[in-house]
Amino acid sequence: MTVLKQRSSLCFFLAQFISRFGDGITTTIILYLIGTTSKDPFFIGLVLFAQYGPMLLFGFFTGTIADRFPKHILMIGTDLYRAFVMIAMIFSTHVIWLLIMLVFLSGIGNAISYPARSSFIPHLVGEQQITEALSISQGINSIMQIAGPGAAGILLVLTSASNILIIDVVTFLVSAFLTGVSVKMIHYHQAHNDNQSQSSSIWRSAKDGVKTVFALAPLTFLIALIMQLMFAAGIFNTTSTSLLLQDFHVSSFHYGMIEAMVGAGACIGAAMGPFLLLHFKPGHLLFFSSAFMGIWMIFVVLLQQLPGVYTIPSLYIWVSIIGLINAFLNIPISSLFLGLTPDIYRGRAMAILQMSSNTGLLLGIVISGLLSRFLGAVFVTAISGTLLVLISLLATKTKGFKALLAIDKKMKKPEKENVVVPGE
């Protein structure tokens, strides 16, 4: 990939790789500590809320912060802040409520870091290489779905949880250093914009960002789409454990390997994403991917009917394709958000995207958890897939989808769409 041939980009993505590796370890360790200290699944739910809640609660403002203040200072500062939170976790491994609170505090750092890091990418690689850069970022996240938890499992055999958390402290410190190096290489300086002057309130800047994003019909459509997609993802994340262990009765070995195949599929999808976007319009790619995702989720009903000898291989294929399609959806959505939003509003746009994503994810987790008790994991997964297919078909009739089709493969703004930027 040409992006990684640039030393500045290599340092930037290496920083993300190391940081995400530490995140994967920490999430696994925290869930292990909570699970072994308390047998109450309620606390596991609290950990998930503590992870995703800060973006829902504060995402309206964190995007504004990313646009108003130097992005490199925010990226480095949040890495150092999260390293400090990890140090506090080391001394709190036996106190459940304190651990959950620290996860929430770390989530606040993530909520600030994500829009700053995402909106920095165009400055790092240029407008024409946004899709390639985002595919690398998606691939890193997917790899860490496998490597982080896997490494945590091995380390738990070798040493204590407190010692493992020290590794995450180091990863954040290294990430901060490498981010600083990459910023130094491109001589980045965030230009001051009169519309975002310090005298303007954060509340007003946040509202201006919302108005700007929703003034663009394609982005409004994408927000609705990502919420539905992440709702389905939340259902899959919740029901997958029940499906594998209770409905298909897989062994512990196959359970771990099948879960890892989701990340493996996403890695392949991330590599294929830029190639597909060169040959297909983003609107078409999103429609066919979301519809196929729904159909593929319905296939879980057919898996139940297979003879036992075919069940395990079929499950490996099924979850791999789920991860593959997920990458096909995430890359064009993120690319469109960055490519269509004016530069001075990109932090807010990415925060809105992440808020929408987390909202759908948490709704899926909560609703599927309740419905699965009464209807079963297989039925709930199939119903979610059916709804996803129907919504994908109905979406093709909307104004937002038609506007999306007017965007060419390089993701330029539709020629006939007039965009009014608040404050101008």
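Which residue follows α4, with a positive phi? The views below take up this and other details of a predicted model.

**View 1. The whole chain is built with helices and no strands.**
The protein chain has 15 helices and zero strands. It holds 424 residues, and 53% of them count as buried. Now take the contacts with a separation of 6 or more. Residues 24 or more positions apart account for 87% of these contacts. The chain exposes about 18800 Å². Carbon and sulfur atoms supply 70% of that area.

**View 2. Helix α4 runs from residue 96 to residue 125, and G126 comes after it.**
G126 is the residue asked about at the start: its phi is positive, near 95°. The helix itself has 30 residues. At 1.5 Å a residue, α4 should span 44 Å, and its end C-alpha atoms are 42 Å apart, so the two values agree.

**View 3. Helices α4 and α6 pack against each other.**
Helix α6 covers residues 161–186. The angle between α4 and α6 is about 35°, and their axes lie 11 Å apart. Their crossing is left-handed. From α4, the contact uses R117, F120, H123 and L124. From α6, it uses S175, T179, V183 and I186. What kinds of residue make up this contact of α4 with α6? Four are nonpolar, three are polar and one is charged.

**View 4. F104 sits in helix α4.**
Is F104 buried, partly exposed or exposed? Its relative accessibility is 21%, so F104 counts as partly exposed; buried would need a value under 20%. Set aside residues up to four places away in sequence. F104 then touches A50, P54, L57 and F58. G53 belongs in this view too. F104 and G53 are 51 residues apart in sequence, yet their C-alpha atoms are 7.5 Å apart in space.

**View 5. T93 and H94 share the loop between α3 and α4.**
Helix α3 covers residues 71–90. T93 has 7% relative accessibility, so it counts as buried. H94 has a relative accessible area of 71%, so it is exposed. Which residues does T93 contact, leaving aside its neighbours within four places in sequence? They are L33, L99, S162 and L165. For H94, look at T36. These two residues are 58 residues apart along the chain, and their C-alpha atoms are separated by 10.0 Å.

**View 6. I140 is a buried residue of helix α5.**
Helix α5 covers residues 130–158. The relative accessible area of I140 is 7%, so I140 is buried. What does I140 contact, leaving aside its neighbours within four places in sequence? The contacts are F13, Q16, F17 and R20. C267 is another residue to find here. It is 127 residues from I140 along the chain, but the two C-alpha atoms are separated by 7.8 Å.

**View 7. H249 lies in the loop between α8 and α9.**
Helix α8 covers residues 217–247, and α9 covers 252–279. H249 has a relative accessible area of 59%, so it is exposed. Its backbone deserves a look as well. Most residues other than glycine have a negative phi. H249 is not a glycine, although its phi is positive, about 55°.

**View 8. Helix α10 is largely enclosed by the rest of the structure.**
Helix α10 covers residues 282–298, which makes 17 residues. From first C-alpha to last, α10 reaches 24 Å, close to the 24 Å expected at 1.5 Å a residue. Why is α10 called largely enclosed? Because 12 of its 17 residues are buried. Near the start of the list come P282, G283, L285, L286 and F287. S289, S290, A291, M293, G294, W296 and M297 are also buried.

**View 9. Helix α14 takes in residues 377–395.**
This helix has 19 residues. At 1.5 Å a residue, α14 should span 27 Å, and its end C-alpha atoms are 27 Å apart, so expectation and model agree. Which residues of α14 are buried? Among them are A377, V378, V380, T381, A382 and S384. G385, L388, V389, S392 and A395 are buried too.

Note on methods. Residues are numbered from 1 along each chain as its sequence is written. This is a predicted model: local features need pLDDT of at least 70, side-chain atom pairs count only at pLDDT 80 or more; totals for chains, interfaces and linings use all residues. Side-chain values use heavy atoms; hydrogens and water are left out. Axes are lines fitted to C-alpha atoms, for helices over the stretch in contact, and angles run from 0 to 180 degrees between N-to-C directions. Helices (H or I, at least four residues) and strands (E, at least two) are DSSP runs, numbered from the N terminus. A crossing is left-handed if the near helix is turned anticlockwise from the far one by less than a right angle, and right-handed if clockwise. Contact means heavy atoms within 4.5 Å. Ala, Val, Leu, Ile, Met, Phe, Trp, Tyr, Cys and Pro count as nonpolar, Asp, Glu, Lys and Arg as charged, and the others, Gly among them, as polar. Buried means under 20% relative accessible area, exposed over 50%, partly exposed in between (1.4 Å probe, protein chains only). Accessible areas come from the Shrake-Rupley method with a 1.4 Å probe; for residues, only the protein chains shown count as cover. The expected span of a helix is 1.5 Å times one less than its number of residues.
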